[in-house]
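User: I have a structure here and would like the reasoning behind the labels attached to it. Please set each value against its cut-off.

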Amino acid sequence: MPGGARADFGRHKVRFAADVGAARPVTTTTPTGQELTCRATFLALHDVASGESVLLGQVTNRIGYIWLPDQVVYTNAFDTIRADLRYTYGSSGYWLEQDVILREWPERLPAGWLPENVRLEVWTEWFGVTPEVTESQALNLRTALADAAPAPVLDETLAFGGMKI
């Protein structure tokens, strides 16, 4: 695809812009023909105890690489923290993952923040779509260990035209 890449061998079709900093770099077409366009925007730390968030970085202009057989990677995708964005197109086009690969971690947390209360968040912006259904459920990201408390989070599943996120 000129100026980017596409994955079109499965139920969901995905187009990736060459530059992750483009206005709308990822577009997924559902089996029902609905287009879902998004872009990762920010990487932030969130303190669940205080409710405060601190911005770590914003997605900047970076050209992606195709990693065969099923990945597009934008290295150093954030402006103030070394981290990559990786998209994986699942087998038979049934899923698409967006991962952040941290190459560094902030040297210290803001004053008063405890590591066990901190969550890393990726803020992804969606354009022109409203989910048909939204489901929420509480999850524990880790079980209680001797040296770490459980990490409860609220997980939301959004349904769009034959696709769930």
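Analyst: The model is predicted. A good place to begin is the aromatic cluster, which is formed by Phe16, Tyr74 and Tyr87.

User: Why is the pair of Phe16 and Tyr87 called tilted?

Analyst: A pair of aromatic rings is described by the distance of the centres and the angle of the planes. For Phe16 and Tyr87 the centres are 5.7 Å apart and the planes stand at 50°. The limit for a pair is 6.5 Å between centres, stacked needs under 30 degrees and edge-to-face over 60. The distance of 5.7 Å makes Phe16 and Tyr87 a pair, and the angle of 50° falls into neither of those classes, so the pair is tilted.

User: What do Phe16 and Tyr87 tie together?

Analyst: Phe16 belongs to strand β2 and Tyr87 to strand β8, so the pair links parts that are 71 residues apart in sequence. Both Phe16 and Tyr87 are buried.

User: What makes the pair of Phe42 and Trp123 edge-to-face?

Analyst: The ring centres of Phe42 and Trp123 are 5.8 Å apart, and their planes are at 80°. That angle is over the 60 degrees required, so the pair counts as edge-to-face. Phe42 sits in strand β4 and Trp123 in strand β10 (residues 118-127), so this pair ties together parts that are 81 residues apart in sequence. The structure holds 4 aromatic pairs.

User: Are Phe42 and Trp123 buried, partly exposed or exposed?

Analyst: Buried means under 20% relative accessible area and exposed means over 50%. Phe42 has 24%, so the label is partly exposed. Trp123 has 35% and therefore gets the label partly exposed as well. Across the 165 residues of the chain, 33% count as buried.

User: Which residues touch the most other members of the largest nonpolar core?

Analyst: They are Phe16, Tyr74, Phe78, Leu85 and Tyr87, in a core of 23 residues. At least two residues of this core come from each of β1 (4-7), β2 (13-17), β4 (35-47), β7 (71-74) and β8 (83-89).

User: What pattern does the chain follow along the sequence?

Analyst: The pattern is β-β-β-β-β-β-β-β-β-β-β-β-β, and the count is 0 helices and 13 strands. The C-alpha trace spans about 50 × 35 × 30 Å along its principal axes.

User: How is empty space found, and what is the volume of the largest pocket?

Analyst: Rolling a probe the size of a water molecule over the atoms shows where empty space is left. The largest pocket holds about 700 Å³ of space. It is lined by 21 residues, and those closest to its centre are Leu96, Trp126, Glu156, Lys164 and Ile165. Two or more lining residues come from each of β8, β9 (96-102), β10, β12 (152-160) and β13 (163-164). The largest share, 4 residues, is from β12. By class, the lining has 12 nonpolar, 5 polar and 4 charged residues.

User: What lines the second largest pocket?

Analyst: This pocket has a volume of about 220 Å³. Its lining consists of His46, Val48, Arg119, Leu120, Glu121, Val122, Pro152, Val153 and Leu154. Strand β10 gives the most, with 4 residues. The lining divides into 6 nonpolar, 1 polar and 2 charged residues.

User: What is unusual in the backbone at Pro69 and Asn76?

Analyst: Most residues other than glycine have a negative phi, and most peptide bonds are trans. Leu68 and Pro69 are joined by a cis peptide bond, with omega about 10°. Pro69 lies in the loop between β6 (65-67) and β7. Asn76 has a positive phi, near 45°, and is not a glycine. Asn76 is in the loop between β7 and β8. With a relative accessible area of 34%, between 20% and 50%, Asn76 is therefore partly exposed.

User: Which elements have the lowest and the highest mean pLDDT?

Analyst: Strand β13 has the lowest, at 76, and β7 the highest, at 97. The chain averages 88, and 92% of the residues score at least 70. Where pLDDT is low, the predicted coordinates should not be read in detail.

Terms used:
Residues numbered from 1 in each chain as written. Predicted model: local features only at pLDDT ≥ 70, side-chain atom pairs only at ≥ 80, totals over all residues. Heavy atoms only, no water. Core = buried A, V, L, I, M, F, W, Y, C linked by side-chain atoms within 4.5 Å. Buried < 20%, exposed > 50% of the residue type's maximum accessible area, 1.4 Å probe, protein only. Phe/Tyr/Trp six-rings, centres within 6.5 Å; stacked < 30°, edge-to-face > 60°. 1 Å grid on protein atoms, 1.4 Å probe; cavity = no way out; pocket = protein on both sides within 12 Å on 5 of 7 lines; lining within 4 Å. Points joined across faces, edges and corners; volume = space filled by probe spheres on them. Nonpolar A, V, L, I, M, F, W, Y, C, P; charged D, E, K, R; others polar. pLDDT = per-residue confidence, 0-100.
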